[in-house]
Amino acid sequence: MLLPKHRFIVNELEGKKMETNNGQFALVTGGNRGIGFAIAKGLLQKGLMVIITARSLEKAKQAAEKLQAYGEVVPIELDVTDDNSIEQAVETIAQNTSKLDVLINNAGIYPDNGVNILNISRDLLDSTLNANTFGAISMVQNFLPFLEKSTDARVINVSSNMGALQDLTATAPSYCLSKFALNGATIMLSQALRSKGITVNSIDPGWVRTDMGGDNASRSPEQGADTAIWLATEAQRNETGKFWRDRKVISY
Ligand SMILES: NC(=O)c1ccc[n+]([C@@H]2O[C@H](COP(=O)([O-])OP(=O)(O)OC[C@H]3O[C@@H](n4cnc5c(N)ncnc54)[C@H](OP(=O)(O)O)[C@@H]3O)[C@@H](O)[C@H]2O)c1
């Protein structure tokens, strides 16, 4: 799958004139559904060209079809737990752009049903941290050459309040640890990338109605996506290494 060449487009949607493509490129992992899909939609509406990834190309394509009314979107297959898959995505994307302005590490899993910190297996801890934490770190490492080419590169890690010190809970052990560690990675990555002018922040989207959050959650995917979109496009460039909810800094 090759990226279409960069184009300048103007779309009409629901009577609103869309912004022209602003020459910025974003990549959203897990962009085929839930919060990632809503983040991709919001970035498209702001004129960015958005690469959405899913673990299957078919799912990514189906989501891209739904999003194409909002702007230029490109589906890519990517499993964040698989370095070969990440490298393949890098190669595919490199054929058409060498620059990435926004990287949204949104892909995540919540597999802690019926386990607690006293009985969870090492395998489950391993697979959750691999997806939720190490995946984000590996994405930054592999896409760093692309981010370095942007004059305004921003990385946003979609974390959770369940990774905050005060909300760690023994009945969601691998998920809490993975988001706690993801927040640690945000701090370390922001330190390591400060001199390059690349910002790195974590967000808590709140409790959101998605496959993960369930039907009873209090927020829509669009509400859950808002702070990530704001950090990606509007927040001050000196904001880095922080944890955010509803566009405000919260405690790690
Ligand atoms: N929903 C909430 O209430 C809530 C609250 C706090 C934080 N969050 C965080 O928000 C993010 C998005 O959650 P969501 O509610 O939108 O969940 P979701 O509806 O379950 O979607 C999860 C997304 O992650 C992708 N994904 C999972 N494992 C992956 C992997 N190994 N490689 C690449 N993609 C992978 C999924 O792709 P497939 O379709 O291929 O499975 C899917 O696109 C997650 O990081 C989650 O922890 C959610």
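At what angle do helix H4 (residues 122-147) and H5 pack, and how far apart are their axes? Before selecting them, note that this is a predicted model, in which local features need pLDDT of at least 70 and side-chain atom pairs count only at pLDDT 80 or more, while totals for chains, interfaces and linings use all residues. Residues are numbered from 1 along each chain as its sequence is written.

Select H4 and H5 (helices being DSSP runs of H or I with at least four residues, strands runs of E with at least two, numbered from the N terminus): they pack at an angle of about 20°, with their axes 9 Å apart. Axes are lines fitted to C-alpha atoms, for helices over the stretch in contact, and angles run from 0 to 180 degrees between N-to-C directions. H4 and H5 are therefore roughly parallel to each other, a term for angles under 35 degrees. The residues of their contact, including Leu125 and Leu129 of H4 and Leu182 and Ala185 of H5 (C-beta atoms, placed from the backbone, within 7 Å), divide into twelve nonpolar, five polar and one charged. Here Ala, Val, Leu, Ile, Met, Phe, Trp, Tyr, Cys and Pro count as nonpolar, Asp, Glu, Lys and Arg as charged, and the others, Gly among them, as polar.

Next, display the open sheet, whose eight strands have the order S5-S4-S3-S6-S7-S8-S9-S10 with mixed pairing, a pair requiring at least two bridges found by DSSP. Strand S5 (73-77) and strand S10 (248-250) stand at the edges, each with a single partner strand, so one side of each has no neighbour in the sheet. Towards the middle of your selection, strand S3 (residues 25-28) runs parallel to strand S6 (residues 102-105), joined by three bridges, and alanine 26 stands opposite valine 102 in S6.

Keep the sheet visible and add H5 (residues 173-193), which lies across strand S7 (154-158), strand S8 (199-203) and strand S9 (243-245), running at about 165° to S8. Helix H2 (residues 57-67) lies across strand S4 (49-54) and S5, running at about 170° to S5.

Now turn to the ligand, around which there are 29 residues, with Gly30, Gly34, Gly108, Thr210 and Gly213 coming nearest (near meaning a C-beta atom, placed from the backbone, within 6 Å). Helix H1 (residues 34-45) gives the most to this shell, with three residues.

Finally, select H1 with helix H6 (residues 221-233), where the helices pack at an angle of about 50°, with their axes 8 Å apart.

Conventions:
Contact = placed C-beta atoms within 7 Å. Parallel < 35°, antiparallel > 145°, perpendicular 65-115°, else oblique.
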